[in-house]
Amino acid sequence: MNGKVWLVGAGPGDAELLTLKALRVLQSCDVWLVDDLVGRDILAFARPGTRIMHVGKRGGCKSTPQAFILRLMARYARQGRTVARVKGGDPFIFGRGGEEWAWLAERGVPVEAVGGITAGLAVAPALGLPLTHRNMARGVALVTAHTTDGTRPDWHALAASRLTVVCYMGMSHIDELADELMASGFAAELPVAVVHRAGCAGQRHIVSRLQTLAADVRRSGLSSPAVIVLGEVVTQACALQPLLAQCPPLLARG
Ligand code: SAH
């Protein structure tokens, strides 16, 4: 088989956050299968004649079935084409990259991957937010609040861990999430930042505390895609200082 599939991470949306390798690989591909969190500006880098197919499947929206996308990738590769499966962020962080790689490899389709900046880490440079500030956190955990089988991360363990927690896919059930976290040992006063379209031109963000998170999100009108950053480190974010100044309880703790 001369064809091949590249799983390409496109970063959080801003075309300038693509890696040079991602750009080179994308420009070598005949077919792009593009997820809907991929920044539209990135499409301008396709070489003329590239077949671009949008196969986004945002939670709750009408979507292209995963099985169809898998078969499409294999079919093009068997025709000798080079296929880019272009994903927002990193293909292996809540991106099914592992499943897709395994499925293709089992069928003898050559696969390689290029990493991208995952949304949960893009918040750090976007806001000057030190996710692993050495006086406040022992590390950072990337978690999802939305799972196919309804299970949750071990919130109790995370509450006791002194890790900064970055939560993906948490916006649709923000009330439930905040309640669950508080019931599991996260402090009601814990500083939280919600960042919509982190690292992109349309970035918007708020700061809050766990107790008022759901109400503050509603008031702000922020929606998905957004990541929720929970931890004392939020108080150290340079770009959040003006917002923190309007939020006295947080400043008192900082
Ligand atoms: N593979 C992607 C994650 C896909 S899961 C990555 O590595 O970033 C989809 C979730 O990612 C969204 O619900 C949201 O929580 C988050 N997300 C994706 N892009 C984002 C962005 N630019 N800003 C904030 N959150 C984003």
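Cys29 is buried in this predicted model, with a relative accessible area of 0%. Cys167 is likewise a buried residue, and its relative accessible area is 1%. For a cysteine, a natural point to consider is whether the sulfur has a partner, since a disulfide is a covalent bond between the sulfur atoms of two cysteines. In the case of Cys167, the closest cysteine sulfur belongs to Cys200 and lies 18 Å away, which is too far for a bond, because a disulfide requires the two sulfur atoms to be within 2.5 Å. A search of the whole structure agrees with this picture, as the number of disulfides found is zero.

From the cysteines we can turn to the way the chain is divided. Domain 1 covers residues 4-114, while domain 2 covers residues 119-251, and the C-alpha centres of domain 1 and domain 2 are 29 Å apart.

The two domains also touch each other, with eight residues of domain 1 in contact with 11 residues of domain 2. The size of an interface is often given as the accessible area lost when the parts come together. Between domain 1 and domain 2 the buried area is about 720 Å², and 72% of it is on carbon and sulfur atoms. On the side of domain 1 that touches domain 2, the residues comprise five that are nonpolar, one that is polar and two that are charged.

Which kinds of polar pairing are counted across this interface? Between domain 1 and domain 2 there are zero salt bridges, and zero residue pairs in polar contact are found across their interface when both residues must have a pLDDT of 80 or more.

Methods: Residues numbered from 1 in each chain as written. Predicted model: local features only at pLDDT ≥ 70, side-chain atom pairs only at ≥ 80, totals over all residues. Heavy atoms only, no water. Domains from an automatic or database assignment. Contact = heavy atoms within 4.5 Å. Buried area = accessible area lost by both parts, 1.4 Å probe. Salt bridge = Lys/Arg side-chain N within 4 Å of Asp/Glu carboxyl O. Polar contact = N/O pair within 3.5 Å; in protein donor to acceptor, adjacent residues only side chain to side chain. Nonpolar A, V, L, I, M, F, W, Y, C, P; charged D, E, K, R; others polar. Buried < 20%, exposed > 50% of the residue type's maximum accessible area, 1.4 Å probe, protein only.
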